[in-house]
Amino acid sequence: MMRFPSFPANAALILVASLIAGCGGSDDDTTSPTGDSASVDAVLPVGPAPSSDLDGVEEVGIGMGDMDPTTAPIEFDDKPAPIDAPNNAVSSRLDELEEQQDDLFEELQYKTRDLQDAMAAHIAEVAASLAALTARMEKAEARINEANEHLETLEKKVTTVATQRARTASARAAARRDRPTAPFLLTGVESRGGIDYIGVTPRSATGLADIRFMAIGDQYQGWTLSGISERFATFKVRRETVTVPFSSSDPAP
């Protein structure tokens, strides 16, 4: 804050009057007999001379040469702060922020690198586990395929055996259906003169009188005796050989 030197108001008036008087004294105007005094009286106010004020001016040490405002010294209450002080503070703060940013960026890089390493290790472990699992699945699939092939082979064998058995059973059933049934019963074997005879009786026989004895080569109701054994006799009928057991109405197998 600028502070100008203070002095009494009357002294200022006297100074102005002196300047006017100096200007009037140099003028050669003959119209006014009084000259300078009239000019001063016209400007200055009526009253006693401010002698005390001039003394006050002299006491404060103000001379005529010191009254130029352009040459008066300027005093400041406070010393101004350097112009570069705010810029230095801002620069310091920016430097701190840059350092913090660099530290954070470096820490982020370390953490990112650690995370990438951990993820790479985990991915490698998962890949190894997946490869092992894939190998196991391939082995299991191969075993399953082998088992399926074995089952298919067994199914074919079972189907073949079942077909063969069905065919055999059908053939046997057909043979039994087509095999002639003896219309008589065999009562037993009797030997006469070294020749074996079998007793034959019709199925509708009612007594011993209906029994007939046959030797090999004899024929009865179209059945020709071809063989005699202890338990059955063999006959030929319609180009087939039929075995008839004794005391049985069903032919032997």
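In this predicted model, V90, L94 and L97 make a nonpolar surface patch of about 250 Å². Patches are built from residues with over 30% relative accessible area and no salt bridge, with nonpolar side chains (Val, Leu, Ile, Met, Phe, Trp, Tyr) joined within 5 Å and like charges within 9 Å. The areas come from the Shrake-Rupley method with a 1.4 Å probe, and for residues only the protein chains shown count as cover; a salt bridge is a side-chain nitrogen of Lys or Arg within 4 Å of a carboxyl oxygen of Asp or Glu. L97 belongs to helix α4 and is partly exposed, at a relative accessible area of 37% (buried is under 20%, exposed over 50%, partly exposed in between).

A patch of negative charge also appears on the surface, where D95, E98, E99, D102, D103 and E106 gather. Here Asp and Glu count as negative and Lys and Arg as positive, while His and the chain ends are not counted; each charge is placed at CG of Asp, CD of Glu, NZ of Lys or CZ of Arg. D102 lies in helix α4, which spans residues 84–178.

As for the overall layout, the chain has 4 helices and 7 strands, running α-α-α-α-β-β-β-β-β-β-β from the N terminus. These elements are DSSP runs numbered from the N terminus (helices H or I, at least four residues; strands E, at least two). Of the 253 residues, 13% count as buried.

Strands β1 (residues 184–192) and β2 (residues 195–202) pair in the antiparallel sense over 8 bridges, two strands being paired if DSSP finds at least two bridges between them. G188 stands opposite G199 in β2. The hairpin of β1 and β2 has 2 residues between the strands, and G193 takes a positive phi near 60 degrees there.

Further along, an open sheet of 4 strands follows the order β4-β5-β6-β7 with antiparallel pairing. Its edge strands, β4 (219–220) and β7 (240–245), each pair on one side only. Within the sheet, β5 (residues 223–228) and β6 (residues 232–237) share 4 bridges, and G227 has T234 in β6 as its bridge partner.

Most residues other than glycine have a negative phi. In the loop between β6 and β7, R238 nonetheless has a positive phi near 50 degrees, and R239 has one near 65 degrees. Both are exposed, R238 at a relative accessible area of 62% and R239 at 90%.

Residues are numbered from 1 along each chain as its sequence is written, and side-chain values use heavy atoms, leaving out hydrogens and water. Local features need pLDDT of at least 70 and side-chain atom pairs count only at pLDDT 80 or more, whereas totals for chains, interfaces and linings use all residues.

Key:
Buried means under 20% relative accessible area, exposed over 50%, partly exposed in between (1.4 Å probe, protein chains only).
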